Amino acid sequence: MSPSASSTAGPAPRFAVVGVPGNRRVTFFQDAVRAAGLPAARVVPWSAVLRGEAVFLPGETVRLDSPGEDAEVERLLRSVGDPTRVEGSALWYARFTEAVRTVARAASAAGAELLDDPGDVAVLFDKRLCHEVLDGAGVPVPASPTSGAAAPVVRDWADVRERMADHGMSRVFVKLAHGSSASGVLAVETAGPGRVRATTSVERDASGRLFNSLRVRRITTEPEIAAVVDALAPDGLHIERWLPKATRHGRATDLRVVVVAGRATHAVVRTSHSPMTNLHLGGERGDLDAVRAAVEAAGGSWSEALAVCERAAARFPDTLCVGVDLLPATGWRRFAVGEVNAFGDLLPRLTGLPGSGAEGLDTYAAQVAAVQNRARNHRATATA
């Protein structure tokens, strides 16, 4: 017998968000919760989690958000006073993944539901593990000599050079295994012995300390590149073949595609004159309709491009939302996944793709709606 409207109405979700109080991410999520007619989410600070003071309530739906942009949290996670410093990402990873497990244990003990799986988060924040998971599932990814836990550790620049030579790679991205927002990334090009250059936003001071900069620069001497890589290596490095990207108006182009509850709901085009298209590094939003048209005109499939992102997200089935970096190859007919991001939904004012079910909703509202739909489906099943 079909349930009545009253039997499926039930209590609405009560959200708690683990984040940084006052941060724009938390604010956008709160806006989405209120717009859905729900009570404001209870904010649990990451600082409280890291101090062992976090409390969850029975029946809450708990969402994790980024711990970034908070000096105290950065100090607790990395033991570094200056948040612009690059070093400390391995320590950050160890402490952050343990903090996520702490949240999971506390939420479970309280009878709350967590929207982000600790195992998924641990893989998403290790580029080597994430690459292995995607590659093993047949998701197209750039070739990598550091994929998986069993891959040899990259100890220094000499190891990078050796891996590049062994795998016939003249152009690679060297990334911090646990980095985000292009922190510690170098786009390296070689053309024979002694001929090498790198594009990066990393700055190195006179004492050898590394800092993130908002300025992308080019390093043209191998000793300087080696010094930067050698300083990054203790935190763990991941190497990927640098795939030539499609361009529009002379600018390298890729996409951030947000997948919510298994469905690609939002997409933004990012373009740049540099290899890094991150918007905070000078990248610009491009024309999505023009990119879709370019794909179709080249004989490619826009729906297949989105399906690639959904297949990548499917490797993390217990995490509600991920952001997939989709790399269109030259010619617009083939695509690869560069990264899958646990907190890749910060795309203000962007509304859902046509036919996605999230039309008119931003990325946060789409997640709230997905939780509401899931709760309704569970209640309907329970009363059928």
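The following questions and answers go through selected features of this predicted model.

Visitor: Which residue of strand 6 is the bridge partner of Val174?
Guide: Strand 6 covers residues 186–190, and strand 5, made up of residues 171–176, pairs with strand 6 in the antiparallel sense over four bridges. Within strand 6, the residue that partners Val174 is Leu186.

Visitor: Which residue of strand 7 is the bridge partner of Glu189?
Guide: Strand 7, residues 196–204, also pairs with strand 6 in the antiparallel sense, here over five bridges. The partner of Glu189 in strand 7 is Arg197.

Visitor: How many of the residues of strand 6 are buried?
Guide: In a regular strand the side chains alternate between the two faces of the sheet. For strand 6, one side carries Leu186, Val188 and Thr190 and the other carries Ala187 and Glu189, and these are all buried, so that both faces are covered. The number of buried residues in strand 6 is therefore five of five.

Visitor: Is Val228 buried or exposed?
Guide: Val228 belongs to helix 9, residues 222–232, and, leaving aside neighbours within four places in sequence, Val228 is in contact with Leu186, Val202, Arg204, Leu210 and Ile219. Because its relative accessibility is 0%, Val228 counts as buried.

Visitor: How far apart in space are Val228 and Leu186, C-alpha to C-alpha?
Guide: The two residues are in contact, although 42 residues separate them in sequence. From C-alpha to C-alpha, their distance in space is 9.2 Å.

Visitor: Which helix gives the most to the largest nonpolar core?
Guide: In soluble globular proteins, nonpolar side chains tend to be buried together. The largest nonpolar core here has 59 residues, of which Trp46, Val337 and Val340 touch the most other members. With nine residues, the helix that gives the most to this core is helix 5, residues 89–110.

Visitor: Which strands are the edge strands of the open sheet with the order 2-1-3-4?
Guide: Four strands form this open sheet, and their pairing is parallel. Strand 3, residues 60–64, pairs with strand 4 over two bridges, and Val62 stands opposite Leu114 in strand 4. The strands that pair on one side only, and are thus the edges, are strand 2 (42–45) and strand 4 (113–114).

Visitor: What is the volume of the largest cavity?
Guide: Rolling a probe the size of a water molecule over the atoms shows where empty space is left. The structure holds one cavity of 30 Å³ or more, and the residues that line the largest cavity include Arg63, Leu64, Leu115 and Asp116, together with Phe343 and Gln367. By class, this lining has six nonpolar, one polar and three charged residues. The volume of the largest cavity is about 70 Å³.

Visitor: Is Trp332 buried or exposed?
Guide: Trp332 lies in the loop between strand 14 (321–328) and strand 15 (335–341), and has a positive phi of about 70° although it is not a glycine. Because its relative accessibility is 10%, and the cut-off is under 20%, Trp332 counts as buried.

Visitor: Is Arg349 buried or exposed?
Guide: Arg349 is likewise not a glycine, and its phi is positive, at about 70°. The place of Arg349 is in the loop between strand 15 and helix 12 (363–383). Because its relative accessibility is 75%, and the cut-off is over 50%, Arg349 counts as exposed.

Methods:
Residues numbered from 1 in each chain as written. Predicted model: local features only at pLDDT ≥ 70, side-chain atom pairs only at ≥ 80, totals over all residues. Heavy atoms only, no water. Buried < 20%, exposed > 50% of the residue type's maximum accessible area, 1.4 Å probe, protein only. Pairing = 2+ DSSP bridges. 1 Å grid on protein atoms, 1.4 Å probe; cavity = no way out; pocket = protein on both sides within 12 Å on 5 of 7 lines; lining within 4 Å. Points joined across faces, edges and corners; volume = space filled by probe spheres on them. Nonpolar A, V, L, I, M, F, W, Y, C, P; charged D, E, K, R; others polar. Core = buried A, V, L, I, M, F, W, Y, C linked by side-chain atoms within 4.5 Å. Contact = heavy atoms within 4.5 Å.
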